[in-house]
Amino acid sequence: MLRRSRRTLQLVAATTLMVTAATACNAAAKTDASDSASGGSGKSFTLVTPDAVGQNEFLKLAVTGVKAAAKTHDGTEKVYESTDTASQQQNVQAAVDANPSVIVLVGFEFADLVAQQAKAHPKQQFLMIDACTTKTYQNVTCAVFREHEGVYLAGAEAGLLSKSGRVGAVDVLDTPQFRRYSDPFAAGAKKVAAKTSASTRFVGGQSPFDDSARAKEQANSLLSKGTDQIMAAAAAGNYGVFEAAKAKGAFAYGVDVNQCVSSPGTVVDNVIKKTDVAVEKGVEQVLAGRTGTSVSYGLKEGGISLTGLEAGVDSSKCVIAQHKDVLTKVKALRDQIVSGKLKVDDPAAS
């Protein structure tokens with residue numbers, strides 16, 4: 001959910017007010033070349049992204065997942081890349097018109113559009129990734145993530161690495177859903193260092209998802225009080241958090257993908273969402289007829305992890321690669337969560 005680079009609350013609200021009136025012909029949409037593949041089992045999969053894929057690792061993983069699903073079923077895949085609200089609507093309509101076996105959509109932007117289309121086309125199967133419709137539809141299957149489990153592990157790293165005994169988080173908004181990126185961070189730190197103190201600052205404002213300046217201000221507020229480890233959960237504002245931390249010689253933690261490459265020496269680790277896993281497993285679920293449900297992916301299912309716990313950490317440019325002893329302790333905590341011996345409280349749980 002925190003992958004956005006330019007989404008605002010106004011844009012999300014506008015999506016719910018606009019009526020889908022697009023045609024299947026969409027010059028703004030980019031279609032993956034592999035959609036021209038022929039033959040196979042007849043299974044077809046269409047992915048619709050909320051933004052252009054480009055170098056967006058979060059969305060690139062989704063593309064990997066839909067390609068893998070097509071390969072597994074000897075079928076075909078098509079990718080529609082959106083660029084704005086209008087093209088999101090056009091691409092969803094184009095996907096529905098093509099009538100594939102499964103339409104996969106990534107992001108909360110599509111919730112209202114999918115609800116409209118699911119009701120109008122009850123035989124079309126939809127798979128939503130990292131979001132879900134408010135109402136349950138038998139032809140809408142959702143894959144969501146237990147981000148709080150990964151955040152808890154990042155917090156444990158922060159608690160073990162902090163020299164000041166103060167950790168903090170810069171979060172987008174003060175809501176239960178977004179507190180999944182701050183409250184568990186504090187809990188994880190206190191698990192390994194009981195005397196750790198933790199604070200959270202919220203970006204808020206008119207553009208909480210892409211206000212790097214406000215995010216930097218909130219990070220500096222934490223740093224001025226001695227915080228030396230900060231969970232950056234401010235979407236595009238993360239870069240402002242990284243700048244603030246770097247300037248003060250402090251450390252930060254990224255989300256969704258490996259953000260260490262954007263600020264080597266400052267970003268310790270990242271809570272990553274494996275959209276490819278969610279897409280592949282979600283498609284299998286739909287094809288098996290287990291539709292109309294929402295499945296949660298966490299550490300146990302391999303949908304959530306840390307960069308530090310993955311292969312290739314030594315070349316990740318993450319600070320955690322220099323702390324093998326910390327990773328050993330964090331792996332032990334991960335195993336306890338996976339086995340059910342350790343439960344991480346979910347701030348968004350009802």
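**Close-up 1. Surroundings of V170 in the predicted model.** Leaving aside residues up to four places away in sequence, V170 touches R201, V203, A215, Q218, A219, L222, I230, M231, A232, A233, A234 and V241. V170 also belongs to the largest nonpolar core, which holds 75 residues, and together with I129 and L153 it touches the most other members of that core. A second core, separate from this one, has 21 residues, among them A94, I103, L105 and A131. As a general tendency, nonpolar side chains in soluble globular proteins are buried together.

**Close-up 2. Helix α8 and the elements around its buried residues.** Helix α8 spans residues 238-248, and its buried residues are N238, G240, V241, F242, A244 and A245. These buried residues pack against the strands β7 (166-171), β9 (229-233), β10 and β11 (267-273), and against helix α7 (212-223). After α8 comes G249, with a positive phi near 70°.

**Close-up 3. The aromatic pair of F185 and Y253.** Five aromatic pairs are counted in the model. In the pair shown here, the ring centres of F185 and Y253 are 5.4 Å apart and the ring planes stand at 65°, so the arrangement is classed as edge-to-face. The pair links distant parts of the chain, since F185 lies in helix α6 (residues 183-192) and Y253 in strand β10 (residues 251-256), with their positions 68 residues apart in sequence. Both F185 and Y253 are buried. Elsewhere, F108, F178 and F209 are linked into a cluster by ring pairs.

**Close-up 4. The crossing of helices α2 and α9.** The axes of α2 (residues 57-72) and α9 (residues 275-287) come within 7 Å and cross at roughly 35°, and the crossing is right-handed. On the side of α2 the contact is made by F58, L61, A62, T64, G65, V66, A68, A69 and T72, while α9 contributes T275, D276, V279, E280, V283 and E284. Sorted by class, the residues of this contact comprise eight nonpolar, four polar and three charged ones.

**Close-up 5. The whole chain as context for the preceding views.** The secondary structure of the protein chain comprises 10 helices and 13 strands. Of the 350 residues in the chain, 56% are buried. When contacts between residues at least 6 apart in sequence are considered, 70% of them join residues that are at least 24 apart.

Notes: Residues are numbered from 1 along each chain as its sequence is written. This is a predicted model: local features need pLDDT of at least 70, side-chain atom pairs count only at pLDDT 80 or more; totals for chains, interfaces and linings use all residues. Side-chain values use heavy atoms; hydrogens and water are left out. Rings of Phe, Tyr and Trp (its six-membered ring) pair if their centres lie within 6.5 Å; planes under 30 degrees apart count as stacked, over 60 as edge-to-face and the rest as tilted. Helices (H or I, at least four residues) and strands (E, at least two) are DSSP runs, numbered from the N terminus. Buried means under 20% relative accessible area, exposed over 50%, partly exposed in between (1.4 Å probe, protein chains only). A nonpolar core is a set of buried Ala, Val, Leu, Ile, Met, Phe, Trp, Tyr and Cys residues joined through side-chain atoms within 4.5 Å. Contact means heavy atoms within 4.5 Å. Axes are lines fitted to C-alpha atoms, for helices over the stretch in contact, and angles run from 0 to 180 degrees between N-to-C directions. A crossing is left-handed if the near helix is turned anticlockwise from the far one by less than a right angle, and right-handed if clockwise. Ala, Val, Leu, Ile, Met, Phe, Trp, Tyr, Cys and Pro count as nonpolar, Asp, Glu, Lys and Arg as charged, and the others, Gly among them, as polar.
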